[in-house]
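Got the viewer open? Load the model, switch to cartoon, and follow along one selection at a time.

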Amino acid sequence: MSLKDSLLHGVSRFSDELVPAAVRAAGEKVEEFRQRLDHLNRTLAERALPGDRKRRVSELSLQRKARDAGQREPDLKVVDGEKKS
């Protein structure tokens, strides 16, 4: 086997085996990093909103989702806090 053939075999093996494995490993690391950033973002967002505002944001989000799904606004009625016997 000549030096040229040996080098071609080495380059071929490198491009066929090692490069795809390296690309897969890099992709996995990028996905892991993305998940960590997402977790950090959620944690920071959770800490940024006061408790009463979180509840209101949640209500608004549910209303928007319902509206987007084609549901109409529910008819709300005022109910006093006293129980009638």
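**Start at helix H2**

Select residues 51-68, which make up helix H2. Its 18 residues reach 26 Å from the first C-alpha to the last, close to the 26 Å expected at 1.5 Å a residue. Keep in mind as you look around that this is a predicted model.

Stay on H2 and show the side chains of arginine 56 and glutamate 59. They form a salt bridge, and the closest N and O atoms are 3.3 Å apart. The two residues sit 3 apart in helix H2, so about one helical turn separates them. Now turn on the surface for this pair. Arginine 56 has a relative accessible area of 42%, so it is partly exposed. Glutamate 59 also counts as partly exposed, at 37% relative accessibility.

Next, click on glycine 70, just after H2. Check its backbone: phi is positive here, at about 95°.

**Zoom out**

Reset the view and take in the whole chain. The protein has 2 helices and 0 strands. How much of the protein is made up of buried residues? Just 1% of its 85 residues. The accessible surface comes to about 8500 Å², and carbon and sulfur atoms account for 56% of that.

**Along helix H1**

Now select residues 3-48, which is helix H1. Measure from end to end in your viewer: the end C-alpha atoms are 64 Å apart, which agrees with the 68 Å that 46 residues should span at 1.5 Å a residue.

Go to the N-terminal end of H1 and show serine 2, which caps it. One of its side-chain oxygens lies 3.2 Å from the backbone nitrogen of aspartate 5.

Move on to serine 15. Where is the kink in H1 centred? Right on this residue, with a bend of about 35°.

Then select Phe14, Leu18, Val19 and Val23 together and show them as surface. These side chains make a nonpolar surface patch of about 340 Å². Pick out valine 19, which lies in helix H1. Is valine 19 buried or exposed? Neither: its relative accessible area is 36%, so it is partly exposed, since buried would mean under 20% and exposed over 50%.

**Two more charged pairs**

There are 3 salt bridges in the structure, and the one in H2 is already on your screen. As a reminder, side chains of opposite charge can pair when their charged atoms come close.

Select glutamate 31 and arginine 34. Their side chains meet in a salt bridge, at 2.7 Å from N to O. Both residues lie in helix H1, 3 residues apart, which is about one turn of the helix. Arginine 34 counts as partly exposed at 44% relative accessibility, and glutamate 31 does too, at 34%.

For the last stop, slide along H1 to aspartate 38 and arginine 42. Their side chains meet in a salt bridge at 3.2 Å, N to O. Why are they about one helical turn apart? Because they are 4 residues apart in helix H1. Look at how the two partners sit on the surface: aspartate 38 is partly exposed, with a relative accessible area of 32%, whereas arginine 42 is exposed, at 58%.

Conventions:
Residues numbered from 1 in each chain as written. Predicted model: local features only at pLDDT ≥ 70, side-chain atom pairs only at ≥ 80, totals over all residues. Heavy atoms only, no water. Buried < 20%, exposed > 50% of the residue type's maximum accessible area, 1.4 Å probe, protein only. Areas by Shrake-Rupley, 256 points an atom, 1.4 Å probe, with all protein chains shown as cover. Patch = residues over 30% accessible without salt bridge, like charges linked within 9 Å, V, L, I, M, F, W, Y side chains within 5 Å. Salt bridge = Lys/Arg side-chain N within 4 Å of Asp/Glu carboxyl O. Expected span 1.5 Å × (residues − 1). Bend = angle between axes of the 7 residues up to and from the residue. Polar contact = N/O pair within 3.5 Å; in protein donor to acceptor, adjacent residues only side chain to side chain.
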